[in-house]
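Here are some short exercises to work through with the model open beside you. Try each one yourself before reading the solution.

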Amino acid sequence: MTITKKLTPFEEVNLFFDRAADRLQLPDGCREMLRRPWRELGVQVPVRMDDGRIEVFNGYRVQHNGARGPYKGGVRFHPQADQEEIRALASLMTWKTALMGLPFGGAKGGVQCDPRQLSEGELNRLTRRYTLNIEHLLGTNRDIPAPDLGTNSQTMAWMMDAYGQLHGHSPAIVTGKPVELGGSLGRESATGRGVAYILEEAAKNLRLNLQSLRVVVQGCGNVGSWTARLLHENGCRIIAVSDVRGGIYNPRGLDVPRLVEHKMAGNSVTEFREGDSIGNAELLELECDVLIPAAIDNVITDKNAPQVKARVVMEAANHPITVEADSILNDRGIVVLPDILVNAGGVTVSYFEWTQNLQEFRWEEDRVNEELRKVMVRAYRAVHEKVTSEGINYRQAAFEIGVQRVAQAVNLRGFV
Ligand code: NAD
């Protein structure tokens, strides 16, 4: 497929949506309602910097669709987090929560900034100002943020505190909080654990032996590090891992616990000595069985898709493969397991965290992980069943299930 104009991230996601809507034969009005965000807010986020200057950042919250429940979606702090990117990610959340059968709609938020250049005090002030400026959209039954790229449990603690100053103690207003403040056991590892559960299931259908799989992971933050750690525990050979500065490659397999320990101590993956240095571009083209982009969007494009040598690509990051690259990988017979399925472990345990907060009750970690497994396996099987019975690819099947459920909710509620 040739696309001449460069599409925005939101237009790209909407191409996937349109393909699902076409096969589902959604009427035009319904399609239009589901395509566009229901509500969007852009705010300025002025921050007093440590040197006394005021810097003004752009902040966003996009509520894409709330037909199936309160809006749910992460908050991203990243230089490329502009309105179009946040729209795309909000839309993906709508289809993801529906595919997983969680009682949420889809949203996303972000502040266009480079968190690595900000001090802890500046990040705290930025998070509080952003929260206050979008506060009127939030609510424990309205819109519940969570961490994403460039944010973490500390960011959620600041958001909860800022919201709580206006509304009283409200732990259910955000998920992915520190456990000490009502966060769920198992939330931090949940997205990576979900990736591992999906690979276990997919391995059965694709006749892959976990014990001999060579796996490459791009990104060593929350999702990448937990994915690498858990797949290593499952017996896979993790042959390369990277972060923003570059990667490390060892065809015999990396000592992942030591690598993660090294990373958690504040070092870059590139400074880990037990392997050869490798660039992020090169890493995506390594000979391997499973390639897992777990960092940022649009890393596999029409330029490098012909060089991808993996048998399976698992989208642990959101939208790491452009539409054109997706077609190239499909044509080359490479199985692509889509983001709205693969990385849904995070929002699933966010749902568990929210319910625990509402009930003022805590689950044991084993229970969290077991319930997560049930939700991931159920969703995978529904998608796989559609793939085999209808002869479509995994992304198409996953989108069709998600879109159909949201369309059904809109109709049942009698919106129009
Ligand atoms: P994070 O900030 O914890 O980690 C991001 C990692 O990517 C870091 O190791 C960073 O060094 C690396 N990175 C940044 N820019 C890069 C580049 N240009 N090339 C290579 N590596 C780069 O973020 P995260 O929470 O792990 O999120 C990663 C991805 O997973 C995002 O797409 C996010 O939307 C998605 N995701 C996250 C969650 C979650 O629970 N945190 C859930 C679902 C999906």
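**Exercise 1.** Is Cys220 buried or exposed? Work it out, then look for disulfides.

*Solution.* Keep in mind that this is a predicted model. Step one: the relative accessible area of Cys220 is 6%. Step two: buried means under 20%, so Cys220 is buried. Step three: a disulfide needs two cysteine sulfur atoms within 2.5 Å, and a search of the whole structure finds 0 of them. Cys220 is accordingly in no disulfide, and the nearest cysteine sulfur, that of Cys236, is 16 Å away. Step four: try Cys30 in the same manner. Its relative accessibility is 9%, so Cys30 counts as buried.

**Exercise 2.** Describe how helices H4 and H5 meet.

*Solution.* Begin by finding the two helices: H4 covers residues 120–134 and H5 covers residues 153–167. Next, take their axes, which come within 9 Å and cross at roughly 45°. An angle of this kind makes H4 oblique to H5. The handedness of the crossing comes next: it is right-handed.

Now turn to the residues that touch. On the H4 side they include Leu123, Thr127, Tyr130 and Thr131, and on the H5 side they include Trp158, Met159, Ala162 and Leu166. Finally, sort the residues of this contact by character: 8 are nonpolar, 5 polar and 3 charged.

**Exercise 3.** Which residues of helix H10 are buried, and what do they pack against?

*Solution.* Start with the helix itself, residues 323–331. Its buried residues are Val323, Glu324, Ala325, Asp326, Ser327 and Leu329. Then look at their surroundings: these buried residues pack against helix H1 (9–24), strand E11 (312–314), strand E12 (335–337) and helix H14 (394–413). To finish, step just past the end of H10, where Gly333 takes a positive phi of about 80°.

**Exercise 4.** Place Val179 in the structure and say what surrounds it.

*Solution.* First, locate Val179: it lies in the loop between H5 and helix H6 (187–206). Second, judge its exposure. With 31% relative accessibility, Val179 counts as partly exposed, because that class falls between the 20% and 50% cut-offs. Third, list the contacts of Val179, leaving aside neighbours within four places in sequence: Ser184, Leu185 and Arg362. Last, try a distance. Val179 and Ala305 are 126 residues apart in sequence, and their C-alpha atoms are 40 Å apart in space.

Conventions: Residues are numbered from 1 along each chain as its sequence is written. This is a predicted model: local features need pLDDT of at least 70, side-chain atom pairs count only at pLDDT 80 or more; totals for chains, interfaces and linings use all residues. Side-chain values use heavy atoms; hydrogens and water are left out. Buried means under 20% relative accessible area, exposed over 50%, partly exposed in between (1.4 Å probe, protein chains only). Axes are lines fitted to C-alpha atoms, for helices over the stretch in contact, and angles run from 0 to 180 degrees between N-to-C directions. Helices (H or I, at least four residues) and strands (E, at least two) are DSSP runs, numbered from the N terminus. Angles under 35 degrees count as roughly parallel, over 145 as roughly antiparallel, 65 to 115 as roughly perpendicular and the rest as oblique. A crossing is left-handed if the near helix is turned anticlockwise from the far one by less than a right angle, and right-handed if clockwise. Contact means heavy atoms within 4.5 Å. Ala, Val, Leu, Ile, Met, Phe, Trp, Tyr, Cys and Pro count as nonpolar, Asp, Glu, Lys and Arg as charged, and the others, Gly among them, as polar.
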